[in-house]
Amino acid sequence: MSKTGLIDTPFKPVEKNVVEEYKTLLEDALGFKRAVDEEGRVVDEELLPKVSEGEIVEIYTYMVRARVIDSWLLKLQRMGKVALHAPNKGQEAVAVGAAKPLRRDDWVFPSYRELGAYLVRGMSEEEILDRALANADDPLKGSDFAIFGNRKYNLVPAPVPVGNQIPISVGAAYAMKYLGRDTVTLTFFGDGATSRGDFHAGLNFAGVFKVPAVLVIQNNQWAISVPRARQTAAPSLAVKGLAYGVPGVRIDGNDVMVVYKIVSDAAEKARRGGGPTLIEAVTYRLGPHTTADDPSRYRTSEEERIMERYEPLRRMRKFMESMGILTEKEALSIEEEWNSKVEEIVRKVLAKPPLPENVFFQNVYGEKPWFIQEEERDLEETLKTMEELGLSYKE
């Protein structure tokens, strides 16, 4: 052993106890954990999280809210009010189930399909719609597009490039460890991101420095039009973590109960100094990749019809009914309630004015330098001249 303790005699096989440990880890990375099956039946009681009946109803309500706001964003994009939207339908269980067990001071690094996580962290439907419509109340004041996030909720805006958030979130987790805090980072990314260099760089760093990170792959089977089988020859995505010393767990991503349980356990382990966990949540994107995509070009309606059987809200209703927590009728009334509420919010948001024209000059400098002030004056004069000439620049 070296003086630093980092180098051992290298010319020998890996120690037997390590080999045995990895055999156990392989079972998690290649297996498939679920607490509730697609018919709402409990199949593994040990994987049910310790939550009250009230919390279960709350989890279901978050999933409903995510489904409702998602459908409205899709409609508003078709009306020309929203530039682009990445539909969430079918993936509500992963976003809600993963975000719910976190503490308020933990950090979330989303991709662009986590509406349920935004709601759990405290963002309202109104804030999400303000952002999507880039109106006068847009919390990010028109920066980027179709991307959410808010410092108020420890919710980092998602990047447009696939997988960029992975090494960034791992770095943030390292910072938490360096500062001696017991907060963790939760990162969402798609199956396509595991084919990118950012995934490997992030996992390698996370494994070496044992950062307090929970990394969740939303394996929705399609990276836009590329099926999972064309992305990797690995038998699972969770198994990729083992190469970097990061334990991987493969779970049913449409079972919100098991998502909650596994993420909760991983977060607590990270908080205690146990290092990162990679979770592959197997789910299915029922809609298009984005509103600019046509899935009928690369998959069949028969496939979509089959996958509807595993849809997470239907499963949760059946589970609650079988446990005597909520009747089917009561669960559906929650959907009606939120349909009505969100419609009212949409009407309110559509009536808000757009961002002011000089928004480009805001939020960069605390005190504007002379050249920025000069550019702002030029814009104001140009707009005034256009108005005097009767030239419209507004919609």
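This report describes the overall build of a predicted protein model and then turns to its aromatic ring pairs.

## Overall build

The protein chain is made up of 395 residues, and a compact globule with that number of residues would have a radius of gyration near 21 Å; the chain has 23 Å, which agrees with this expectation. Its C-alpha trace spans about 85 × 60 × 40 Å along the principal axes, and the chain contains twelve helices and seven strands.

Contacts within the protein chain often bring together residues that are well separated in sequence: of those between residues at least 6 apart, 75% join residues at least 24 apart.

## Burial, surface and charge

Of the 395 residues in the protein chain, 49% are buried. The chain exposes about 19700 Å², and 54% of this area is supplied by carbon and sulfur atoms.

Side chains counted as positive number 53 and those counted as negative number 61, while the centres of these two sets lie 4 Å apart.

## Aromatic pairs

The model holds six aromatic pairs. One of them is formed by Tyr174 and Phe209, whose rings meet edge-to-face, with 5.5 Å from centre to centre and 70° between the planes. This pair links distant parts of the chain, since Tyr174 belongs to helix H6 (residues 165-178) and Phe209 to helix H7 (residues 197-209), with the two 35 residues apart.

Tyr174 counts as partly exposed because its relative accessibility is 31%, and Phe209 is likewise partly exposed, with a relative accessible area of 36%. Ring pairs also bring in Phe205, so that Tyr174, Phe205 and Phe209 are linked into a cluster.

Key
Residues numbered from 1 in each chain as written. Predicted model: local features only at pLDDT ≥ 70, side-chain atom pairs only at ≥ 80, totals over all residues. Heavy atoms only, no water. Helix = DSSP H or I, 4+ residues; strand = E, 2+ residues; numbered from the N terminus. Rg over C-alpha atoms; globule rule 2.2 N^0.38 Å. Buried < 20%, exposed > 50% of the residue type's maximum accessible area, 1.4 Å probe, protein only. Contact = heavy atoms within 4.5 Å. Areas by Shrake-Rupley, 256 points an atom, 1.4 Å probe, with all protein chains shown as cover. Lys, Arg positive; Asp, Glu negative; His and termini not counted. Charge placed at Lys NZ, Arg CZ, Asp CG, Glu CD. Phe/Tyr/Trp six-rings, centres within 6.5 Å; stacked < 30°, edge-to-face > 60°.
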